Amino acid sequence: MTTAIKVENLSKAYQIGQFSTGTLSRDIERWWALARGKEDPFLKIGEINDRSQKGTSDIVWSLKDLNFEVNQGEVLGIIGKNGAGKSTLLKVLSQVTTPTTGVIKMKGRISSLLEVGTGFHPELTGRENIFLNGAILGMTKSEVARKFDEIVDFSGVERYIDTPVKRYSSGMYVRLAFAVAAHLESEILVVDEVLAVGDAEFQKKCIGKMGDISKGEGRTILFVSHILNMIKSLCRKTIFLEDGTIRSIGQTEVIIQEYLSSKKKTHQIWESGAVGDHVVELRSASMIKSNGKEANTIDFTEDLYVEYTYLVKEPGFRLDPNIHIFDQNGNYIFVSSDYWSKKVYDKGLYKSVMKIPKKMLNTGIYNLGVALTSYPGTTIHFFERDALTFEVTEDVSNREMDFMGKMPGVIRPKLEWETIKISDK
Amino acid sequence: MKIKNNYSDSDNWDLIISPRKKWFDLQFRQLWAYRDLLMLFVRRDVVAFYKQTIFGPLWYFIQPVATTIVFVFVFGNLAGLSTDGLPQPLFYLAGITAWNYFSDCLKKTSTVFRDNQQIFGKVYFPRIVSPISIILSNLLKFGIQLFLLIALIIYYAFQGVDFGPGWEVLLFPIFVLLMAMQGLGLGMIITALTTKYRDLSYLVEFGVQLMMYSTTVIYPLSTLGGKMYWVVALNPMTFVIEGIRVSTLGEGILTIYTMGYVTLVSTIIFIVGVIIFNRVEKNFVDTI
């Protein structure tokens, strides 16, 4: 089997923060160093990319020493948390930006789909935009012409093909845009998850088409997604990126399992001065089962206790501990607080515990943020958005139901029901 | 970074992405591969210009005509500036048409990174396609406006006014090329320098306006003397405008030295523009 893509020691550094007059003097210093053939003085002080920790320098390594190969015809998935370097890797692979160090070698023509409808012009008709977008993605006019009917057919906007796209509904727009992208002929495709667009039906069609492309035509595809099911169905091999490095690479099933368990965080400790202000400081947070043990995963039928400790350094504040819960996609599920106790705190170390009753959160992965607010005045002393991550699982055989599939929804409360017969007809 | 080709035969890669690129690289092969995109960009710019307008391409005429009328009134009649013995409308229209081509190229090119950051941030194609498409779509506009000038020339010729170019008319395309090179080069320099620091872009808008007054769009070079002559003559656009007038109307200053000067300066501006543009294009998405 031949290698289609070879990535060697790939790194990418970014400068973060504001650009202002201060950056100019540093730019001159950097330019002067490079002009004399020296190393860039500001790249040396780089550190790894962990967004949750405040760094000391404003150079951050978004990718650090990546090495991997992709065989021809392979579909490789790339997963990782936000900020792991997925987008940067895509950008470097698709030549939108260059690596800071390292080399990427490729065989064959490469197209990248980081967005659908790049360069669509609202004033141009659907037909004109197909040609324009195709050319932007690297197709020649004759290639687009050859595929034109297929593209129009796939998009299903035949009737409006000579109408300016600004008159399209947003659904028609993305369908046309995806249709162009789906008919690219290059040997290597770099695809971002945003590609699955439109309504549910069309999304299915998109994913189906992606499957066809990856299976039938022997092309090499790199596929980045948050949607693990998509990765599972399309890719046999997957890379798990973490803080800009490859944490692991291997069979998709195994990697996804590792990824999921890495996301769980059931206990965390903060050093003094890390999170908080002059009034209170966060010290620790953990998830506990009713038997007092730390909860790695929690069953749907078990109660879950969230506790966090904090040091109160100034007395006399009416503090309100509150906890925020988000689902995997970042949707806000709820916030709960101890507001009604209206307790005024002395100095000292405190612990607050909140109980999430069983049979409330549906199965899935949740993020949990802990915060402390004081009233009156509503001062937020700290709000640690990603304090803990946990998974609610379920042993389906205990469900006491005939339905065994995945229940939809984020919460799944057992509510009171009553059904009575009103009459005979 | 040392990359040596000591790989076996199976390792002939089609594409190697590495941190550094050549200093001066016009990417002719890549540009050729993307020629369809270049033409589609030109088409897009032209079509989008007159879609949903009543007058359509007529707008290409309205602006130079209006400017000429104002110039005839203000500079010709009120200020009484000389026009080298040429009918005033002819003198101004020739200068305006040429200057507009240069300034449109410069202004549009000078924002090319900012205008295209959406596309450039998502897809790779040789970035130089964008500025070149600007030069070409403006060339089309320039060509259309040229008809207006030709019509006016024919009108005055029938009126019996004695003027007209000699063999210099053959130089006309060269002057157009020089204008394009200057507009493109300067524009690329400005757009490259303003991805990180925006300051310079505020200068362009009124800078171009001021620059026009330091060329010979509204007065002939022959009326200037002493120091002023040199100040205006050093502006690389001055002898291009003069050259355009010589090659279309037969009046103006054109010698082998002026020709050599503008050719040299235009080439330098163009090469510097390409170098800076190439340096910046590979990473500008990180800083814009």
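**What share of the 425 residues in chain A is buried?**

Buried residues make up 35% of chain A. Here "buried" means 20 or more other C-beta atoms within 10 Å of the residue's own, "exposed" means 12 or fewer, and "partly exposed" is in between, with C-beta atoms placed from the backbone. Before going on, note that this is a predicted model, where local features need pLDDT of at least 70 and side-chain atom pairs count only at pLDDT 80 or more, while totals for chains, interfaces and linings use all residues. Residues are numbered from 1 along each chain as its sequence is written, and chains are lettered from A and ligands numbered from 1 in the order in which they are written.

**Exercise 1. Take stock of chain A.**

Step 1: count the elements. Chain A has 8 helices and 20 strands; these are DSSP runs numbered from the N terminus, helices being H or I with at least four residues and strands E with at least two.

Step 2: look at the contacts, where two residues qualify if their C-beta atoms, placed from the backbone, lie within 7 Å. Of the contacts in chain A with a separation of 6 or more, 69% are between residues 24 or more positions apart.

**Exercise 2. Work out the strand order of the open four-stranded sheet in chain A.**

Step 1: read off the order. In chain A it goes β11-β12-β14-β18, and the pairing is antiparallel. Strands pair if DSSP finds at least two bridges between them.

Step 2: find the edges. β11 (267-269) and β18 (348-356) of chain A each pair on one side only.

Step 3: check the turn. Ignoring direction, neighbouring strands in this sheet are turned by 20 degrees against each other on average.

Step 4: zoom in on one pair. β11(A) and β12(A), residues 280-289, are antiparallel over 3 bridges, and Gln268(A) stands opposite Ala285(A) in β12(A).

**Exercise 3. Inspect the backbone oddities in the loops of chain A.**

Step 1: go to the loop between β19 (364-375) and β20 (379-393) of chain A, where Pro376(A) sits. A cis peptide bond joins Tyr375(A) to Pro376(A), with omega about -10 degrees.

Step 2: move to Asp243(A), in the loop between β9 (237-242) and β10 (245-251) of chain A. Asp243(A) isn't a glycine, yet has a positive phi of about 50 degrees. Asp243(A) counts as partly exposed because there are 18 C-beta neighbours inside 10 Å.

Step 3: try Lys342(A), in the loop between β16 (332-337) and β17 (344-345) of chain A. Lys342(A) is another residue other than glycine with a positive phi, near 45 degrees. With 10 C-beta neighbours inside 10 Å, Lys342(A) counts as exposed.

**Exercise 4. Describe how helix α3 of chain B packs on α7(B) and α4(B).**

Step 1: pick the descriptors. Two packed helices are described by the angle between their axes and the distance between the axes. Axes are lines fitted to C-alpha atoms, for helices over the stretch in contact, and angles run from 0 to 180 degrees between N-to-C directions.

Step 2: take α3(B), residues 59-78, with α7(B), residues 129-158. They pack at about 60 degrees, axes 9 Å apart. That makes α3(B) and α7(B) oblique to each other; under 35 degrees is roughly parallel, over 145 roughly antiparallel, 65 to 115 roughly perpendicular, and the rest oblique. The crossing of α3(B) and α7(B) is right-handed, that is, the near helix is turned clockwise from the far one by less than a right angle (anticlockwise would be left-handed).

Step 3: list who meets whom. Tyr60(B), Phe61(B) and Pro64(B) of α3(B) meet Lys141(B), Ile144(B), Gln145(B) and Leu148(B) of α7(B). By class, this contact has 5 nonpolar, 1 polar and 1 charged residues. Nonpolar covers Ala, Val, Leu, Ile, Met, Phe, Trp, Tyr, Cys and Pro; charged covers Asp, Glu, Lys and Arg; the others, Gly among them, are polar.

Step 4: repeat for α4(B), residues 88-109. α3(B) and α4(B) pack at about 125 degrees, axes 9 Å apart, and are therefore oblique. Their crossing is right-handed. Residues of α3(B) in this contact include Phe71(B) and Val72(B), and those of α4(B) include Tyr92(B) and Leu93(B). The contact of α3(B) with α4(B) has 7 nonpolar, 6 polar and no charged residues.

**Exercise 5. Map the side of chain B that touches chain A.**

Step 1: 30 residues of chain B contact 35 of chain A.

Step 2: on chain B, the elements giving two or more residues are β1 (15-17), α2 (35-50) and α13 (284-287), and α2(B) gives the most, 6 residues.

Step 3: strand β5 of chain A (residues 101-106) and β1(B) run antiparallel, joined by 3 bridges, with Lys105(A) opposite Ile16(B).
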